[in-house]
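Subject: Structure handover

Hello,

Here is the structure I said I would pass on. Please look through it first; my notes on what was found follow below.

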Amino acid sequence: MTDRDPALEPFDALIGTWDTEATHPMVDAVVPGRVTFEWLEGGKFIVQRSHNDHELFPDAICVIGAPEHGDGLVMEYFDSRGVRRTYGVSFDDGVWRTWRDATGFDQRFSATPQADSFEGLSQLARTPGEWQDDLKVTYRRGD
């Protein structure tokens, strides 16, 4: 047994399986899915896996942990389209946040997880500072 990274301790609130319902401005439907969060053996990283029941919503895997260099936490994102991105991530004062600064496609997400359900909102800015709602996800504790 090894010691967990203390910076990741707040993410314990997410560990487990969540049923999801997602909406997106480009899709006229509520898309069901499932997300799991689990500790990687050794306690230094958290693995997030997501599946969605719509062809426009990619399945993804993320690894959350300390960056190779520097402070804070990062989330390395990989999806079924072949997209790979690195996000900053934090879980402070009960709020889970991710963000990415990429010219023409800045992204941010925030949610305040609760024991049984919560909502998260992703936003994007194609022009710096002009944030628009993007993906909205409702999480409900699953099996």
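Leaving aside neighbours within four places in sequence, Phe 57 is in contact with Ala 22, His 24, Val 27, Val 31, Asn 52 and Leu 135. Please keep in mind that this is a predicted model. Phe 57 is found in the loop between E3 and E4. Its relative accessibility is 9%, and because buried means under 20%, Phe 57 counts as buried. One of its contacts, His 24, is 33 residues away along the chain, and the C-alpha atoms of Phe 57 and His 24 are separated by 9.3 Å.

Other loop positions

The loop between E5 and E6 holds Val 83 and also Arg 81. Are these two buried, partly exposed or exposed? Val 83 is partly exposed, at 22% relative accessibility, whereas Arg 81 is exposed, with a relative accessible area of 51%. Not counting neighbours within four places in sequence, Val 83 is in contact with Tyr 77 and Phe 78. Val 83 and Ala 60 are 23 residues apart in sequence, with 9.2 Å between their C-alpha atoms. For Arg 81 and Val 27, which are 54 residues apart along the chain, the C-alpha separation is 17 Å.

Gly 42 lies in the loop between strand E2 (27-39) and E3. With a relative accessibility of 25%, Gly 42 counts as partly exposed. Along the chain, Gly 42 and Arg 4 are 38 residues apart; in space, their C-alpha atoms are separated by 6.9 Å.

Asp 93 is in the loop between E6 and E7. Asp 93 counts as exposed, at 81% relative accessibility. Its backbone has a positive phi of about 50°, although Asp 93 is not a glycine.

A buried strand residue

Gln 48 belongs to strand E3, which covers residues 45-52. Is Gln 48 buried or exposed? Its relative accessible area is 10%, so Gln 48 is buried. Residues up to four places away in sequence aside, Gln 48 touches Val 35, Thr 36, Phe 37, Ala 60, Ile 61, Cys 62, Ile 64, Met 75 and Trp 96.

The nonpolar core

The largest nonpolar core has 27 residues. Which of them have the most contacts inside it? They are Phe 11, Trp 96 and Tyr 139. The elements that give two or more residues to this core are strand E1 (16-24), E2, strand E4 (60-65), strand E5 (73-79), strand E6 (84-92), strand E8 (106-111) and strand E10 (132-141). E2 gives the most, with 5 residues.

Aromatic residues

The count of aromatic pairs comes to 9. One of them is the pair of Trp 96 and Phe 109, which is edge-to-face, with 4.8 Å from centre to centre and 70° between the planes. Trp 96 lies in strand E7 (residues 95-100) and Phe 109 in strand E8, so the pair ties together parts that are 13 residues apart in sequence. Both partners are buried: the relative accessible area is 2% for Trp 96 and 9% for Phe 109.

Which residues make up the aromatic cluster that includes Trp 96? Trp 18, Phe 37, Trp 96, Phe 109, Phe 118 and Tyr 139 form one cluster. Trp 96 thus appears in several of these notes: it is touched by Gln 48, it is listed with Phe 11 and Tyr 139 for contacts inside the largest core, and it is part of the aromatic cluster.

The largest pocket

The last item is the largest pocket, with a volume of about 1,100 Å³. Of the 37 residues that line this pocket, the closest to its centre are Tyr 77, Gln 107, Ser 122, Asp 134 and Leu 135. Two of these names came up earlier: Tyr 77 as a contact of Val 83, and Leu 135 as a contact of Phe 57. What is the lining made of, by class? It has 20 nonpolar, 11 polar and 6 charged residues. E10 gives the most to the lining of the largest pocket, with 6 residues.

Regards

How values were computed. Residues numbered from 1 in each chain as written. Predicted model: local features only at pLDDT ≥ 70, side-chain atom pairs only at ≥ 80, totals over all residues. Heavy atoms only, no water. Helix = DSSP H or I, 4+ residues; strand = E, 2+ residues; numbered from the N terminus. Buried < 20%, exposed > 50% of the residue type's maximum accessible area, 1.4 Å probe, protein only. Contact = heavy atoms within 4.5 Å. Core = buried A, V, L, I, M, F, W, Y, C linked by side-chain atoms within 4.5 Å. 1 Å grid on protein atoms, 1.4 Å probe; cavity = no way out; pocket = protein on both sides within 12 Å on 5 of 7 lines; lining within 4 Å. Points joined across faces, edges and corners; volume = space filled by probe spheres on them. Nonpolar A, V, L, I, M, F, W, Y, C, P; charged D, E, K, R; others polar. Phe/Tyr/Trp six-rings, centres within 6.5 Å; stacked < 30°, edge-to-face > 60°.
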